Amino acid sequence: MIRISDHDVTDILDRKNAPAAYCGSGDIVVFETRDCYDNSLTSEERPLGDREDTLENPATGPLYVRGAKKGDVLKVEILQIALRSWGAMRTSTSGGEFRERYRERIARIFPLKENQIVFDDKLTLPVNPMIGVIGTAPEGEGVPTHTPGEHGGNMDCNKITEGSVLYLPVNTDGALLAIGDIHARMGDGEVLICGLETAGDVTVRVTVLPNSVLPTPFLSAGGRVMTIQSAPTLDEAAHLAANRMYDFVKSVSGKDDVHTGMLMSLVSDLVICQVVDPLKTVRSEIPEAVLAAYGFCLP
Ligand code: CA
Ligand code: CA
């Protein structure tokens, strides 16, 4: 099996990045990831980390998928997310919904034991491992790994988890997939500024889909499908996500605008992925069964 070491990291997704590994369509690849603090936050005594030369949100890769060409879609099946034995969180004085409440950055470290987070003396929470940063090389200029966009990137969608399937655009030969910033758990919104940040191994199967009509970034998870869109404001991100799904549902069903709008209002849910990155991210979810009713099967 192909493994990409966590020595091969970048803080920018860029079609000029040299591949860290090569694979074929249908191959299984393991990405060894660092946490979003570049594995430098190891003690509550040193909330700013152990080193100064840390990358922000490092992503492992990129992976060059042979045969992937601009205009294709890359299907990424998330087979496994194997977590490290601990995670970290840190408050922010400048970002997140509670920033006015903190005067300094405080870090906490939480052990992960048997898929549980021992949060305090009263509360234990189950892990829900998810991937914060997953993307292909964007079109045009490179995009830092703290920013989400049409290429994926820092979407911080907690449905990108084991068993889900993410569809990403191919903007350059090989697609150049990179993965990082995994969370042991995160609520929708990522309201503080972070999830339970951790490192670990992400195992994926990558498949090149030529001639795909899917509106990327597109996710299938738990019997639902989702368009994921990012913009400077939540209003704009919601508008983009809802309309991306609308166009897709309309093309699949062959129905008119009135019918499509009514259907969307009955079956689609708008959900906030995150409010803390340079662009905000919203997803539009519908049951996969709606597509199936019109004869559409996911590739
Ligand atoms: Ca993130
Ligand atoms: Ca994160």
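Here are a few exercises, with worked solutions, on a predicted model.

**Exercise 1. Find which residues coordinate the calcium ion (ligand 1), and work out how they are spaced in sequence.**

Start with the donor atoms around the ion. Asn154 gives its OD1, Asp156 appears twice through OD atoms, and Asp181 adds an OD, with distances of 2.2 to 2.4 Å. Now put those residues in sequence order: the spacing reads N-x1-D-x24-D.

Next, look for a neighbouring ion. The calcium ion (ligand 2) sits 3.3 Å from the calcium ion (ligand 1), and aspartate 181 coordinates both. Then check where the two aspartates come from. Aspartate 156 belongs to the loop between strand 15 (152-154) and strand 16 (165-169), while aspartate 181 lies in strand 17 (residues 175-183); the two are 25 residues apart and link distant parts of the chain.

**Exercise 2. Are aspartate 156 and aspartate 181 buried or exposed?**

Compare each relative accessible area with the 20% cut-off, since buried means falling under that value. Both aspartate 156 and aspartate 181 come out as buried. For the strand that carries aspartate 181, the picture fits: nine of the nine residues in strand 17 are buried.

**Exercise 3. Work out which strands pair with strand 17, and in which direction they run.**

Take the partners one at a time.

- Strand 6 (residues 59-65) runs antiparallel to strand 17 and is joined to it by four bridges. On this side, leucine 63 is partnered with leucine 177.
- Strand 12 (residues 130-135) is also antiparallel to strand 17, with five bridges between them. Here glycine 135 has alanine 178 as its bridge partner.
- Strand 18 (residues 197-198) makes two bridges with strand 17, again antiparallel. Isoleucine 182 pairs with threonine 198.

**Exercise 4. Pick out some salt bridges and say how covered their partners are.**

Begin with the total: the whole structure has 15 salt bridges. Then go through a few pairs.

- Arginine 34 and aspartate 38 meet at 2.7 Å, N to O, and both residues are buried.
- Arginine 46 and aspartate 50 also form a salt bridge, with their closest N and O atoms 2.7 Å apart. Aspartate 50 is partly exposed at 39% relative accessible area, and arginine 46 counts as partly exposed at 39% too.
- Arginine 51 and aspartate 53 have their closest N and O atoms 3.6 Å apart. Arginine 51 is partly exposed at 35%, whereas aspartate 53 is exposed at 61%.

Finally, look for shared partners: Asp188, Arg224, Asp269, Arg283 and Glu285 are joined into one network of salt bridges.

Definitions and conventions
Residues are numbered from 1 along each chain as its sequence is written. Chains are lettered from A and ligands numbered from 1 in the order in which they are written. This is a predicted model: local features need pLDDT of at least 70, side-chain atom pairs count only at pLDDT 80 or more; totals for chains, interfaces and linings use all residues. Side-chain values use heavy atoms; hydrogens and water are left out. Donors are N, O and S atoms within 2.8 Å of the metal (3.2 Å for Na, K and Ca); water is not among the atoms, so sites may look incomplete. Buried means under 20% relative accessible area, exposed over 50%, partly exposed in between (1.4 Å probe, protein chains only). Two strands pair if DSSP finds at least two bridges between them. A salt bridge is a side-chain nitrogen of Lys or Arg within 4 Å of a carboxyl oxygen of Asp or Glu.
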